Amino acid sequence: MLTKTKIYLSSPHMGGNEQSFVKEAFDTNWIAPLGPNVNGFENDIQSYLNSNKHVAALSSGTAAIHLALQLLGVTKGDDVLCQSFTFSASANPIMYLGANPIFIDSETDTWNISPELLEIAIKEGIEKGKKPKAIVAVHLYGMPYKVKEIQTISNTYGIPVVEDSAEAFGSYYKEKPCGTLANLGILSFNGNKIITTSGGGALIAPDEETKQKAVFLATQARDNAPHYEHTKVGYNYRMSNILAGIGRGQMQVLDKHVALRRHNYSFYKKELSKYSQISFLEEPEGFFSNRWLTCIKTDSYETREAIRHALLEEDIESRPLWKPMHIQPVFKQNTNYTNGVSEDLFDKGLCLPSGSNLTEIDLNRITNIIAKTLI
Ligand SMILES: *Cc1c(COP(=O)(O)O)cnc(C)c1O
């Protein structure tokens, strides 16, 4: 008898060579934090990004955002403008620094930070005598934000951007890779991301000096002395050589994963766009999404919940779109600039299973269940 297996939203997918890089680390006893896999992984990422950027492999994407904000000089009491429609890890590091996140709602073309609201927030800040210190913009679900518009605002007001590319490794904006499009970029290799080291992240810096500053802070801020000397507070944020080995294997399959995830999106779109209750997020001209997760927007909260429950009954994981930060209990005191877009997406949107390891049988099973709830 056939037993139906659980389908996850986005599960790790190994390419095959990860274990040989990890074995090499064992064989050469590079178990202690740093080692050749860390350098190798950083070089692999740098050549993939095909730019002059310098990459520091870190323990998580969250750590990378924390260091990025610190490198931009964000400190206690500063205001930082942050996309509201995102995962909490985009905003939490602002709090670690004692700064104030101000949340900016989304526009409807990419579901990312609204340039209009961003500019209003900056102008109001300047009028009050408090210019925001930085902007955290997110390529959510792999879809690039409106890079040109955000960069223009950043240049006009002289406020640097942290490009949260945690979900968008393998995405492009006008042929340029996401992660390289702002002052500082970050990646995540968490278990559910498009490639994973089980846990990890990276900071993408404009030059070697900035990278070395990040590495310094990430390794407990040890000054150059034979003993342990510290003039700054540091962190333990560097990636381990073992995990970087997994990363090297995963870099060999990144493009394949992008193709497979884009295939999932096309499959869902082909099978489900005939239903008037469902719509998909299209790529604007010049935008290339890695389609980390395929997201649908339904016509109502009730439709979304009907689909989610029907899938759950069949042991298939799906998830409402991110709950915007400005309505999260932890951030409800913070200032926000809203237009209803992200709250509407949160009410009616659903992430469908999107792993690069889904089979055609899985995809058919999922779309059949969804179709039944819509007829
Ligand atoms: C996953 C994620 C992060 C954080 O990455 P971790 O490696 O899990 O710390 C940051 N921002 C977004 C948008 C993410 O999805």
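**Two sheets and a ligand site**

Trainee: What is the strand order of the open sheet of four strands, and how do its strands pair?

Mentor: In this predicted model, the open sheet of four strands has the order E10-E12-E15-E13, and its pairing is antiparallel. Strand E10 (278-280) and strand E13 (319-320) each have a single partner strand, so one side of each is left without a neighbour in the sheet, and they stand at the edges.

Trainee: What makes strand E12 and strand E15 a pair?

Mentor: Two strands count as paired if there are at least two bridges between them. Strand E12 (residues 294-298) and strand E15 (residues 349-352) are joined over four bridges in the antiparallel sense, and therefore they satisfy that requirement. Within this pair, Lys297 stands opposite Gly349 in E15.

Trainee: Which strands does helix H9 touch, and which does helix H10 touch?

Mentor: Helix H9 (residues 254-272) packs on the sheet and touches E10, E12 and E15, with its direction at about 145 degrees to that of E10. Helix H10 (residues 301-313) also packs on the sheet, touching E10, E12, E13 and E15, and its direction makes about 25 degrees with that of E15.

Trainee: Why are strand E7 and strand E11 said to stand at the edges?

Mentor: The open sheet of three strands has the order E7-E6-E11, with antiparallel pairing. Strand E7 (176-177) and strand E11 (287-288) each have a single partner strand, so one side of each lacks a neighbour in the sheet. Strand E6 (residues 172-173) is joined to E11 by two bridges, and because at least two are required, this counts as a pair. Here Tyr173 stands opposite Phe287 in E11.

Trainee: Why does the approach of Asp164 to the ligand count as a polar contact?

Mentor: A polar contact is a pair of N or O atoms within 3.5 Å. A polar side-chain atom of Asp164 lies 2.7 Å from a nitrogen atom of the ligand, so this pair qualifies. An oxygen atom of the ligand is 2.7 Å from an N or O atom in the side chain of Ser188, and an oxygen atom of the ligand is 3.4 Å from a polar backbone atom of Gly200.

Trainee: How much of the ligand's accessible area does the protein cover?

Mentor: The protein covers 94% of the 380 Å² that the ligand has on its own.

Definitions and conventions
Residues are numbered from 1 along each chain as its sequence is written. This is a predicted model: local features need pLDDT of at least 70, side-chain atom pairs count only at pLDDT 80 or more; totals for chains, interfaces and linings use all residues. Side-chain values use heavy atoms; hydrogens and water are left out. Contact means heavy atoms within 4.5 Å. Axes are lines fitted to C-alpha atoms, for helices over the stretch in contact, and angles run from 0 to 180 degrees between N-to-C directions. A polar contact is a pair of N or O atoms within 3.5 Å; within protein, one must be able to donate a hydrogen and the other to accept it, and residues adjacent in sequence count only if both atoms are side-chain atoms. Accessible areas come from the Shrake-Rupley method with a 1.4 Å probe; for residues, only the protein chains shown count as cover.
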